[in-house]
Each structure stands twice: as structure tokens, then as C-alpha cells.
Amino acid sequence: MSNLVQKFQEYSGWRNAVLSALARYRACVESAELSDAAGEQRLARLAARLTDDKLSIAFVAEFSRGKSELINAIFFADYGQRILPSSAGRTTMCPTELLYDETFPPSIRLLPIETRAQAASTSDFKDQSHVWTVLPLDIHSGDGMLEAFKQVSLTKRVSVEEARLYGLYHEDDADSAMAVGEDGLVEVSQWRHAIVNFPHPLLKQGLVIIDTPGLNAIGTEPELTLNLIPNAHAVLYVLAADTGVTKSDIDVWRDHIGAGPARMVVLNKIDSMWDELRTASEVEEQIDRQVGSVAQTLSLQKGQVFPISAQKGLVGKVNRDAALLAKSRLPQLESALSEELIPRKQEIVREQLVTEIDELAGASQSLLAARSRSVVEQLVELRSLRGKNQNIIEHMMKRVDLEKKEFDGSLLKLQGTRAVFTRLSTEVFTNLGMDILKQDIAETRKAMEESRFTAGIRAAVKEFFTRVRYNLGQSARKTEEITAMMSVMYRKFSTEHGLALSSPMPFSLDKYQKEIALIEAVYHKQFGAAAVLTMPQVALMSKFFDSIASRVKQSFLQANRDVEAWLKVVMAPLEAQIWEHKQQLKKRRQSIERIHVATDSLEEKVAALEAIQNELDEQKARLDALETELRNAVRAELSALKAAA
């Protein structure tokens, strides 16, 4: 088992351990009635996010760099043969995602190239099942799977006019002219995108593999530039030792990848430098020189370039040839990838979990503390009645009535706050609403279509981003107003009525503002600051805007969901403790009233409250233990899990 596979399995085990601890904690909270509907929703979302957690690795290269072979070597060697087609020439014709979704049978879903004629991105089509061609995948037949995978590589010949409609042919582009055959037709991929649903053990655990075509597809399919590559947790950029670093290699690296976290360069096909007429040290020196040259060209440290032979590594694994596998240097790449990628991914998930758990645990503990404090206060109150006359008891009843009156007065003020809260909540969605965004997208498309000059097209896109930023900014200000207002109410009820309330749950739209800034930066990087765009660039910009609109819509949809979820929970702790306080005031009044009527029931009431106090103490002990167990599961390191196993 490779280090990468082992590390990923450890990560999956960590995730499952957290899920189990979360389920036990959740059951305890529910049984003790320490969670309202909003809190229960948060716990459910937290569990769903862990269950659906994905880890994506993108493989990027020009054609004939051995990228598909590298995927076979790392992930599919256990099948004893190649799963992805790998041969001389170009085998990956469209972006391909390998993943596992248990709601679909094993299959290959193929998006026809004809969809490029529509003003929609690949993401827009993912929920439109009728558009895709679906091929069943026989997972019990290696040959059958290989045959099915070959469908992804199919091409078709179309007229120049049709290719132009898809944005794949432009008269001003020299490369396009060369693509026209003697029959006057242009060869294009038959498919725009492929999704392979395959129950491989790692894919079932949440791994997603993204196989990308070469420079031409990266430039013409904005989904790669705006979505798949930037959102991948790791990007492996594959070069070939037999070709060196070409101009197109440099263009892809600088324009679409660049140095950064979990961005790794693989120098493949080092077996082309193996020479039986040279000593091992001479071969080593030649490989080292090539690595140094690549590192210098791409402005990297030598340690960031990994020389390997994917083909020999695959053969070594299949034939169980340890010497050949070691010589291929594939294990070094797998180790570096596992050490770079998986701990970083775990840390990101861990930080999110800690924040959520702190807030959820704080709310549950506060509610439990409020119940316990109320019982203690009642016990002190009732014990003080021992041997007292009726006048004292009547005085205590009046005191409880006064407390209730003051509390009811605060609740009346809270009604006014609720009205303001409702108004501000509506105003948040006024700017964040999808209808406004759709209108902005339509107006931008219209302006781009009507403009005949580069400046007009750029101005339309610039205005679109300006409106998007403005709308997000306005919504952010409204959420800040809500937070400030709720902070005042939390403090009021804490100081005036002794409710155990911390600050309201914080919220920010910064994440989405940064996402929009990133999308805009990719747009500027793609089209530069050239004063005049060529016709091919104008056509590409139109396609690119389709993907921009899709990404912004996804961002706004998620922002809407997050704001909606926050609005449901920001008041929940306050309302839960208000309800609890009202119930306790009612119980106190009833207890004293009954004692007023029949003094002999005092000791019975004290005994009943002491039993409740013991039960609350036991609940707190259980909750503390399960909370500690959950926090320990979240904090556990992968190496510790391995040792425990």
C-alpha cells in the first residue's frame, strides 16, 4: 500500500471517528432537551458536511506528458492493468472527474460538446440529467472498464461554422487554421465534460480525481480555470523529461497554476534518460540537471520538482517488482503528496469543526447551567421557608410575581427588537437575492452583445463585478447591524435577569467577498490588460462570462443559505433561555403557592428539587465527557490514529 493511500485511509478513519463522537454527543443533547430546532439543524449540517467531505487532486499537463499513466500508477495499479487509456498522443480530450456518488450506479456521464453553443457553464448542466449521455460501467471487468473509458477520448469532425459556434475555431487564430483538414472539417472532442462514477475504495472515501486536457482545453473551457483547478486541494503539474519545459508548459504554469500550497511539479518519463551505457551516477547527474533546469524555469526550489517514471512505477506495482518501483521514484512523489496534502486538508476541516463545536457546546452548557442555577435558587428559597409563617411565604410569592412582571416588560421590548430583526433580515436578502443577480447577469450579457469594441465589453464586465461587490457589501452591513442589535439584547437579558448568555454567534460575508475578488482576478489574468482583444479572445470572453456568472451564482446561493441558517440560530440561544426562564418562574410560583396552601408539602418539594439537581449534575457529567471525547477526536493526529489501530 502506498503512503498516499495509507494516509488517505487514516484521514478517512479520523473523519469517521469524529462522526461517531458527534453522533454520541448529539444523542446526549437531544435526550437532555438541550437543543432547539436551530441547534439541531446545525448539528445535522455539521454531520452532513463531514459525510460529504471531499478531497480533490487535479492533474494538469499538455498532451503526451504521461498524465493519465500517472493517475493509473498512483490510484489504479491494484487492478493489474491500466484503467484510464494511456498511449502515445492525446488520450484525454475533455475534463474528466473521477468520483463516487452512491446515489448513482457505476457509470460514465458525458456532456455533449454541443452544449458549448448555449450560454451556460458545465456547472449549470450538472443538475440537468437529460442533457448527459450515460454509459454503464462494469466494475467487475477490467477490459470492460478500459473500453468504457475510451469513450471519453472520442472525437468528431464538424464544419468550420459549427466549430466556430462552439468557440473552438477562429479565423484569426493560426492554430485553428491548421486544425482544418483536407475535407474542410475540424476535429473536436465529442464531449465537453465527463464524470466517472466509480466505487474505488479511495473515491468512496471522498477522493475526487480531476484529469484535465492540455493547454487548448484549459484556455477554452473556463470551468477548468474558474472552478476545477482553483478549488482543487492539490494540483500536480506534469512535465516530460523527453520534451523538457516547452513554451506551452510555461504558459499553463504561469497563467493557470503558479506556485502555491499543494502545487507540485512532476517531471515524468525519466526512464528516457536511463542508459545502460552510462553509470548509475551519470544517469543520476543527468536527471538532477534536468530537475534543476525545470526548477529554474518555473522559479521553484529543486525540492518542489519530483522526477519519476509513471510507466515504470505502474509496471513495478503490477508485477510487484520492488526494485523497479523504487527506481521509478513514484513512492517519493506519493509520500510528498500525502505529507503535503492530507494534513493541510485535515487542519482546514479541524478549524471549521472547532469553531462549530465551541458555539454548539457553549449554547448547550449555558442552557444546562441556567436550569441548574434555577433549581439551586428554588432550593435555597424553599429551604429558607422551613419554620416560617404564612406572611413570609406570601412575601416570597409577591417577589416572584414582581420578577415575572419585570421579565414580561423586557419581553415587550424584545418584541420591538424582533420587528427590527425581521426588517433587517429582509433587507439582507434585498441585495443578496438571486433575482437581482440574474437581472445583473442578463444586463451584462446584453451590454457585451451590443458592444462592438473591446472597451465596451470590458466596461460591461467591470460594471458587473462592481454591482456584485456593492450588493455583497450592503448585505454585509445589514448583518453587522443585526449582530450589534442582538449583542445589546444578549447583554440586557444577561445583566437584568441573570441569563447565562455569551455573545451572539458571529457572522461575516468576507468569505464570499474574497471569492468574488478571486473570480475577478482570474478574469483579469485570463484577458490581461491588452487595449484591443482579438476576435478569438472576444468569443472566449463571452464563454468565460458564462462561467463567471455560474460561479458568482453558486457563491450567492451558498451565501444565501449561510445567511438564512445564521438568522435562524442567532436568536436561538436567547429565545431558548427566555423560554427556560419563564418556565422556572412559573414553577417557582407554583411551588411557593402549594406550600402556602399546605405547609407539610415543603419537604416533599425540597426532596423533588434535590432529585432534579442530582439528575442535572449527571447530565452535565455525561455532556462534559462526550464533549471531551468529541474534542479529542477532532484534535487527533493521523499518526496517532495509525498507532491506535
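**Buried helix faces, nonpolar cores and a small-volume cavity**

In helix H13, which spans residues 310-318, the residues that are buried (under 20% relative accessible area with a 1.4 Å probe, protein chains only) are Ala310, Gly313, Leu314 and Gly316. Because these residues cover an arc of only 160° around the axis, they lie on the same side of H13, the arc being that of the directions from the helix axis to the C-beta atoms. Their cover includes helix H3 (67-75), strand E10 (263-268), helix H14 (322-328) and H15, where contact means heavy atoms within 4.5 Å. After H13 comes arginine 320, with a positive phi near 55°.

The model is predicted, so that local features need pLDDT of at least 70 and side-chain atom pairs count only at pLDDT 80 or more, while totals for chains, interfaces and linings use all residues. Residues are numbered from 1 along each chain as its sequence is written, and side-chain values use heavy atoms, with hydrogens and water left out.

The protein has 23 helices and 11 strands, taken as DSSP runs (H or I of at least four residues for helices, E of at least two for strands) and numbered from the N terminus. Of its 645 residues, 49% are buried. In helix H5 (residues 142-150), the buried residues include Met145, Ala148 and Phe149, and these are placed on the same side of H5 because they cover an arc of only 100° around the axis. Strands E2 (96-99), E3 (107-112) and E7 (191-197) are among the elements that cover them.

The largest nonpolar core, a set of buried Ala, Val, Leu, Ile, Met, Phe, Trp, Tyr and Cys residues joined through side-chain atoms within 4.5 Å, contains 89 residues, of which Ile57, Leu70, Phe75 and Leu333 touch the most other members. Helix H15 (residues 330-383) gives the largest share of this core, 16 residues. Beyond its neighbours within four places in sequence, leucine 333 contacts Leu70, Ile74, Leu236, Met264, Val266, Phe306 and Ile308. A second, separate core of 52 residues includes Ile441, Val468, Leu509 and Phe527.

The second largest cavity, a cavity being a set of points on a 1 Å grid over the protein atoms alone where a 1.4 Å probe fits but cannot get out, is lined by Leu4, Phe8, Leu55, Ile57, Phe75, Leu202, Leu207, Leu341 and Ile342, each with an atom within 4 Å of a point. Helix H1 (3-31), strand E1 (55-60) and H15 each give two or more residues to this lining.

Conventions. Buried < 20%, exposed > 50% of the residue type's maximum accessible area, 1.4 Å probe, protein only. 1 Å grid on protein atoms, 1.4 Å probe; cavity = no way out; pocket = protein on both sides within 12 Å on 5 of 7 lines; lining within 4 Å.
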